[in-house]
Amino acid sequence: MKYAFVLAALVLAGCSSGGNDMGATFNDEGQAEITCMQHQAARPGERYLKEENWDTDVTLPLLRYYTSNGKKPYCDGQGASEIDKVWFDIYRKLGGDAGNISI
């Protein structure tokens with residue numbers, strides 16, 4: 001009985017940790033004043049991809065970042081990556097003005 005309880009607890013812990021993984025968050029560079037943007041390293045997670053998961057703690061930094069910096073060049077001199085473009089789409093879905101972004 002004792003082992004069954006421990007096994008059940010481990011199974012539940014494994015299920016809950018996987019179910020709560022909302023994926024990557026947006027890198028807003030610490031909300032610092034910047035002269036050029038860094039590329040986003042990872043695709044957005046579920047917290048951004050599904051409207052029912054939207055939370056102001058994660059969406060407002062994204063909106064602020066692109067509203068303030070979206071027309072600045074990338075620090076490496078390259079254009080927006082495919083990952084960056086996915087983040088731009090989310091910015092627009094959140095209500096951000098597409099005119100604030102240079103692709």
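Okay, let's start at the N terminus: residues 1-19 stay under 50 in pLDDT, the predictor's confidence in each residue from 0 to 100, and the model has zero contacts (heavy atoms within 4.5 Å) for them beyond four places in sequence. Where pLDDT is low, the predicted coordinates should not be read in detail.

So yes, this is a predicted model, with local features needing pLDDT of at least 70, side-chain atom pairs needing 80 or more, and totals for chains, interfaces and linings using all residues. Numbering runs from 1 along each chain as its sequence is written, and side-chain values use heavy atoms, leaving out hydrogens and water.

The protein chain averages a pLDDT of 82. Helix 1 has the lowest mean of its elements, 40, and helix 4 the highest, 96; helices here are DSSP runs of H or I, at least four residues, numbered from the N terminus.

On to helix 4, then. Its buried residues, meaning under 20% relative accessible area with a 1.4 Å probe, protein chains only, are Asp84, Trp87, Phe88, Ile90 and Tyr91. They cover an arc of only 160° around the axis, taking directions from the axis to the C-beta atoms, so they sit on the same side of helix 4. What do these buried residues pack against? Helix 2 and helix 3. Glu82 and Lys93, exposed (over 50%), are on the face turned away.

Last, the disulfide, a pair of cysteine sulfur atoms within 2.5 Å: Cys36 joins Cys75, S to S 2.0 Å. Cys36 lies in the loop between helix 1 and helix 2, Cys75 in the loop between helix 3 and helix 4, 39 residues apart. The S-S torsion is about 95°, so the disulfide is right-handed.

Technical notes. Helix = DSSP H or I, 4+ residues; strand = E, 2+ residues; numbered from the N terminus.
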